[in-house]
Amino acid sequence: MSITMIGTWEMAATGLAAAMPQLQNDAWAGDAVVTAIKAVEDNPNFQSVGFGGLPNAAGIVETDAAFMNGDNFRIGAVAGARDIANPIAVAQALAQEPANNLLVGTGATEYASTHGFVLKNMLTPKAAQKWAEKQKQLANSELNPYDGHDTVCMLALDSQQRMAVGTSTSGLFMKRTGRVGDSPLPGAGYYVDSQIGGAAATGMGEDIMKASLSYETVRLMGTGLSATEALRQAVYPFIAKLQDRGEKPREFSYVALRADGDFGIATNVPFPFAVAQADGPVQVYNAVPNGDHPIITPLKTN
Ligand code: SD4
């Protein structure tokens, strides 16, 4: 077992670079997850998470985020949240509450403002311009919902064998006001048990929430399967099942991390992800779908 973090998409590398030094100094996995995700939320260049995230159909950025503590299963989440600078930090705070752990819309903003969290308009001029351009295009074409979405998910294992998971996203570009994806939903978007491991999802929330595959992956790892094998048994049969029922599965990508540091991914689209272990570098890999055996190649070492 060695300290490990794994995160979704290339943007996760920015988060791992910020959080690994904390883990190396024996910080709690939960704090490392929040540090990592905050670094992504604060960066306006990432157009699917936090500040600079692409807005909904009304031109407003609405975010979903969640935090789970693998020691005690406490969960906190916000959904359809507006004007919260760091949704992941609010999710972590909500995980400490005895009740009212998942807050939506104005309730989330009110909690953030009364508990000392920074509020700001999350719409950047660049994102507003993309919205205006899309409005024009939409007048004559169908929206492809995969344009402009990606969730940052982070799993961390610390030096004391504690684990945590977090997710944060602005969801689908041009989504309906109030639309919520899988990212704040436990079991589907994320799950972690410090004695076994954790898993988290990115992709088309409307499909991901049709099954609790993050939970299922953790359950399978608990039977002794590797992270890769647990994901393989959880994810691909469900995609096949959707096809069997006449559905057209959209994007599914998952990361999993076991309590012994073993990690894996499953995906049906090209999927970069980032990993860092012990005092090693942050390594970005690219996974290319290949049936239920994605081909993983190193992309970048930071
Ligand atoms: C959602 N799962 O809101 C998120 C978006 C995402 O890659 O992860 N896209 O549906």
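**Exercise 1. In which sense do strand 12 and strand 13 pair, and over how many bridges?**

Some ground rules before we dig in: this is a predicted model, where local features need pLDDT of at least 70, side-chain atom pairs count only at pLDDT 80 or more, and totals for chains, interfaces and linings use all residues. Residues are numbered from 1 along each chain as its sequence is written, and side-chain values use heavy atoms, leaving out hydrogens and water.

Step 1. Find strand 12 at residues 283-288 and strand 13 at 295-301. Strands here are DSSP runs of E with at least two residues, helices are runs of H or I with at least four, and both are numbered from the N terminus.

Step 2. Check the pairing: strands 12 and 13 run antiparallel to each other over 6 bridges. (Two strands pair if DSSP finds at least two bridges between them.)

Step 3. Pick out one facing couple: Asn286 sits opposite Thr297 of strand 13.

Step 4. Look at the connection. Strands 12 and 13 make a hairpin with 6 residues between them, and Gly291 in the turn shows a positive phi of about 60 degrees.

**Exercise 2. What is the strand order of the 9-stranded open sheet, and which strands stand at its edges?**

Step 1. Read across the sheet: the order is 4-3-2-6-5-1-11-12-13, with mixed pairing.

Step 2. Go to the ends. Strand 4 (102-104) and strand 13 each have a single partner strand, so one side of each has no neighbour in the sheet.

Step 3. Add the twist, which averages 15 degrees from one strand to the next. (Axes are lines fitted to C-alpha atoms, for helices over the stretch in contact, and angles between N-to-C directions run from 0 to 180 degrees.)

Step 4. Zoom in on strand 5 (residues 152-157) and strand 6 (residues 163-169), an antiparallel pair joined by 6 bridges. Here Ala156 faces Ala164 of strand 6.

Step 5. Now add a helix: helix 3 (residues 87-94) lies across strands 2, 3, 4 and 6, at about 40 degrees to strand 2. (Contact means heavy atoms within 4.5 Å.)

**Exercise 3. Which helix packs on the sheet and touches strand 7, strand 8 and strand 9?**

Step 1. Start with the sheet itself: 4 strands in the order 7-8-9-10, open and antiparallel. Its edge strands are strand 7 (190-193) and strand 10 (263-267), each pairing on one side only. Neighbouring strands are turned by 10 degrees against each other on average, direction ignored.

Step 2. Follow strand 7 to strand 8 (residues 197-203), its antiparallel partner over 4 bridges. Asp193 has Gly197 as its bridge partner in strand 8.

Step 3. Here's the helix: helix 7 (residues 213-221) touches strands 7, 8 and 9 (252-258), and its direction makes about 150 degrees with that of strand 8.

Step 4. Compare helix 8 (residues 227-244), which lies across strands 9 and 10 and runs at about 15 degrees to strand 10.

**Exercise 4. How many aromatic pairs does a search of the whole structure find?**

Step 1. The search finds 8. (Rings of Phe, Tyr and Trp, using its six-membered ring, pair if their centres lie within 6.5 Å; planes under 30 degrees apart are stacked, over 60 edge-to-face, the rest tilted.)

Step 2. Try one of them: Phe73 and Tyr191 have ring centres 6.4 Å apart and planes at 20 degrees, so this pair is stacked.

Step 3. Place both rings. Phe73 is in the loop between strand 2 (63-69) and strand 3 (75-81), Tyr191 is in strand 7, and the pair links parts of the chain 118 residues apart.
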